[in-house]
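Here are a few worked exercises to try on a structure. Have a go at each task before you read the solution under it.

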Amino acid sequence: MAAAGAISVWISTSTPTKITTFNTKPRISYPLKLSRNGIYPLSTFEKNGHEQNFTIKAAASSSVGSAEYTEEPATKVKFQRSLSLPGCSTSLSLLGTGYREKVFAIIGVKVYAAGLYVNDSVFSRLDAWRGRSAADIQQDPSLFNKIFEADLEKSLLIVLVRDIDGKTFWDALDEAISPRIKSPTADDKSALSTFRGVFQGKPLKKETSIFLTWVDPTKMLVSLSFDGMPSSVDATIESPNVASALFDVFLGGDPVSPTLKASVAKGLEATLK
């Protein structure tokens, strides 16, 4: 720890608490708002004396909980390695991450980060691809079809890295989905209308989370969250064509996020050794 100056760190207690260190002698004061960065478990501090001085015994905050998250490198968005979502019967595991970039006036602008989560039971159905390289996996549409067709939950988590209005977000998504549905039925049109209604009129701020969850190949759940994990489902989409088209948007032959598909392929390579 530095010998001079003041260093502010935060600890997790029943009473929000701040420690400020002066010349290696930490002193505690409270109450203060907890920081979202640098959360220290109480067990990492040792009380020393009546003035509530503490000796810090822990490592830096960047190591706290690091095993529970994977960072998407281009956007620095952190994804939990396991999620429990409304409407899912079991927790889902992160398989890969990537980002979506749009080009405006020849300049690439990152719009969101994305992570694919799957039910671990799906891996037992992929024995035919064991030992395959990530490059082979990425170019094999039959593997991704197998994952989609499995009657197991999977979810795409989108985290915005800039503010965007809901209509703009939906228009971009619909622009990718609709051409993949060659002859939309009445059910498909109704499903797309329901899907659109989730985003219309909503300002989607940076760090908004959008959860697109396939319960099975015919049914999807859509949830929005502006402050962490969703507590409910905002819409149910019941259309095999829409569900299939959305999966193809991200993991088909021409994905909107090549980095996501490449990362998922690497995750499959590691899992199917």
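**Exercise 1: a helix with two sides**

In helix α6, the buried residues are Leu260, Lys261, Val264, Ala265, Gly267 and Leu268. Keep in mind that this is a predicted model. Task: work out how these buried residues of α6 are arranged when you look down its axis.

Solution. Start with the view down the axis: the buried residues of α6 fall within an arc of 160°. That puts them along one face of the helix, so the list above describes a side of α6.

Next, check the length of the helix. α6 covers residues 258-271, which is 14 residues. At 1.5 Å a residue, the expected span is 20 Å, and the end C-alpha atoms are indeed 20 Å apart, so the two agree.

One of the buried residues deserves another look: Lys261. Its charged end sits over the ring of Phe144, 4.9 Å from the ring centre. There's another arrangement of this kind, with the charged end of Lys110 over the ring of Tyr99 at 5.1 Å from its centre.

**Exercise 2: rings that meet**

Task: find out how many aromatic pairs the whole structure has, then describe the one made by Phe148 and Phe247.

Solution. The search turns up 7 aromatic pairs. For Phe148 and Phe247, the centres are 5.1 Å apart and the planes make an angle of 40°. Tilted pairs are those between the 30 and 60 degree cut-offs, and this pair counts as tilted.

Now place the two rings. Phe148 belongs to helix α2 (residues 141-149) and Phe247 to helix α5 (residues 240-251), so their pair ties together parts that are 99 residues apart in sequence. Are they buried or exposed? Phe148 is buried at 9% relative accessible area, and Phe247 is buried at 5%.

Then take Phe195 and Phe199, another tilted pair, with 6.1 Å centre to centre and 35° between the planes. Both of these residues lie in helix α4 (residues 186-199), 4 residues apart, or about one turn of the helix. Both are buried too. Finally, Phe195 and Phe199 belong to one aromatic cluster with Tyr112, Phe169 and Trp170.

**Exercise 3: positive phi without glycine**

Task: locate Lys76 and Glu207 in the fold and say how exposed each one is.

Solution. Take Lys76 to begin with: its phi is positive, about 65°, although it isn't a glycine. Lys76 is in the loop between β7 (69-71) and β8 (78-80). With a relative accessible area of 52%, Lys76 is exposed, since the cut-off for that is over 50%.

Glu207 is a non-glycine residue with a positive phi near 80°. Look for Glu207 in the loop between β14 (203-204) and β15 (209-216). Its relative accessibility is 43%, so Glu207 counts as partly exposed.

**Exercise 4: the whole protein**

Task: sum up the protein in terms of its helices and strands, its buried share, its contacts and its surface.

Solution. Count the elements: there are 6 helices and 17 strands. Then the burial: 43% of the 273 residues count as buried. For contacts, take those between residues at least 6 apart in sequence; 58% of them join residues at least 24 apart. Last comes the surface, where the accessible area is about 14300 Å² and carbon and sulfur atoms account for 50% of that.

Key:
Residues are numbered from 1 along each chain as its sequence is written. This is a predicted model: local features need pLDDT of at least 70, side-chain atom pairs count only at pLDDT 80 or more; totals for chains, interfaces and linings use all residues. Side-chain values use heavy atoms; hydrogens and water are left out. Helices (H or I, at least four residues) and strands (E, at least two) are DSSP runs, numbered from the N terminus. Buried means under 20% relative accessible area, exposed over 50%, partly exposed in between (1.4 Å probe, protein chains only). The expected span of a helix is 1.5 Å times one less than its number of residues. The arc is that of the directions from the helix axis to the C-beta atoms. Contact means heavy atoms within 4.5 Å. Accessible areas come from the Shrake-Rupley method with a 1.4 Å probe; for residues, only the protein chains shown count as cover. Rings of Phe, Tyr and Trp (its six-membered ring) pair if their centres lie within 6.5 Å; planes under 30 degrees apart count as stacked, over 60 as edge-to-face and the rest as tilted. A charge sits over a ring if NZ of Lys or CZ of Arg is within 6 Å of the ring centre and within 35 degrees of the ring normal.
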